[in-house]
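Thanks for coming. I'll keep this short. Let's put the structure up.

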Amino acid sequence: MRFLEIYVLHLVCMHQDTMDVWFDSGSSWYSVLGSDLETASDVAADVYLEGSDQHRGWFQSSLLTKIATNNDNDTRAPYRTIITHGFVLDADGKKMSKSLGNGVDPMELINGGPNAKKQPAYGADTVRLWAASTMYHGDVKLSQNAIATASENLRRIRNACRFMLGNLDGFDPKEQRVEPSQLSSLDKYMLHQVTSLDGLFHPSLTKSSFTLLSACAHTLLLAQALLACVCSCLRLDLSEQEGLNGEA
């Protein structure tokens, strides 16, 4: 056993190629974006994405190393946009740790746990929707209730899309398109809702405001729920009229 310890210690040694961990990571733009110092000042990543603790870490070291190697009077950063996210906490807002045993395994949320009733498989899309629905710039709480709510919202979105795609099956816009002047009030209302949300959707996507994107989807679902109620009333009214006509 002693021989094994000596052998392992002989293999494990200090790495000699790392000058400083923050300098190494901060100069990664040089290897990823361009290795020619003459043109390095012209390159920049579209986005740097990391946790809020990297304001004084990777973000800062990348900025310093880039400016230090830029040409004269060139103060451009190695990134065009920085997106900062918070950290995932438990349902009580406490930091997750092994010692507390309050950690949540994302794979368990996706694939389910040993107890299918208490730990159902929500799927990856549910976790994605939950993440998109949070204010990710700060710390966020994660719990089974939050994931269950996201799962229900995802079910509504999928059902709405399935319903709309089913009604559009075989639709040819060249032959079956209805002129705006011939649309019913309900059709005009839905088109207004979609156009309004579309005006929010694309700017939100450009600004990485995923929370607003999620809110847009929920707003559209609420509008659809209202229309479903109205359409049900119309069907009921038509059925009553047909019944009266039959009696007459």
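Helices here are DSSP runs of H or I, at least four residues long, and strands are runs of E, at least two, with numbering from the N terminus. By that rule, F171 sits in a loop, between α7 (144–167) and α8 (173–176). Keep in mind that this is a predicted model.

First, the overall picture. The protein has 248 residues, and 22% of them count as buried. It has 10 helices and four strands. The order along the sequence is α-α-α-β-α-β-β-α-α-β-α-α-α-α. Take the contacts with a separation of 6 or more: 63% of them join residues 24 or more positions apart. The accessible surface is about 18000 Å². Carbon and sulfur atoms hold 59% of that surface.

Now back to F171. Which residues make the nonpolar surface patch with F171? They are L165 and L168, and the patch covers about 310 Å². Why can F171 count toward a patch? Patch residues need over 30% relative accessible area and no salt bridge. F171 is partly exposed, at 40%, so the area requirement is met.

Next stop, D90. This residue is in the loop between β3 (88–89) and α5 (106–111). D90 is buried, yet has no salt bridge. How far away is the nearest side chain of opposite charge? That is K94, at 6.0 Å. The salt-bridge cut-off is 4 Å, so the pair does not qualify.

What does the D90 side chain reach instead? Backbone nitrogens. One belongs to D92, at 3.0 Å. Another belongs to K94: its backbone nitrogen is 2.6 Å from a polar atom of the D90 side chain. So K94 appears twice here, through its charged side chain at 6.0 Å and through its backbone nitrogen at 2.6 Å.

Look further along the chain. Setting aside neighbours within four places in sequence, D90 contacts M96, N102, K141 and L142.

Follow K141 from there. K141 lies in strand β4, residues 140–141. Buried or exposed? K141 is exposed, because its relative accessible area is 51% and the threshold is over 50%. D90, by contrast, is buried.

K141 also comes back to the D90 loop region. Beyond four places in sequence, K141 touches L89, D90, A91, D92, G93 and W130. Take G93. G93 and K141 are 48 residues apart in sequence, but their C-alpha atoms are 5.8 Å apart in space.

To close, two spots to revisit on screen: the patch of L165, L168 and F171, and D90 with its contact K141. Happy to rotate either one.

Note on methods:
Residues are numbered from 1 along each chain as its sequence is written. This is a predicted model: local features need pLDDT of at least 70, side-chain atom pairs count only at pLDDT 80 or more; totals for chains, interfaces and linings use all residues. Side-chain values use heavy atoms; hydrogens and water are left out. Patches are made of residues with over 30% relative accessible area and no salt bridge: like charges are joined within 9 Å, nonpolar side chains (Val, Leu, Ile, Met, Phe, Trp, Tyr) within 5 Å. Accessible areas come from the Shrake-Rupley method with a 1.4 Å probe; for residues, only the protein chains shown count as cover. Buried means under 20% relative accessible area, exposed over 50%, partly exposed in between (1.4 Å probe, protein chains only). Lys and Arg count as positive and Asp and Glu as negative; His and the chain ends are not counted. A polar contact is a pair of N or O atoms within 3.5 Å; within protein, one must be able to donate a hydrogen and the other to accept it, and residues adjacent in sequence count only if both atoms are side-chain atoms. Contact means heavy atoms within 4.5 Å.
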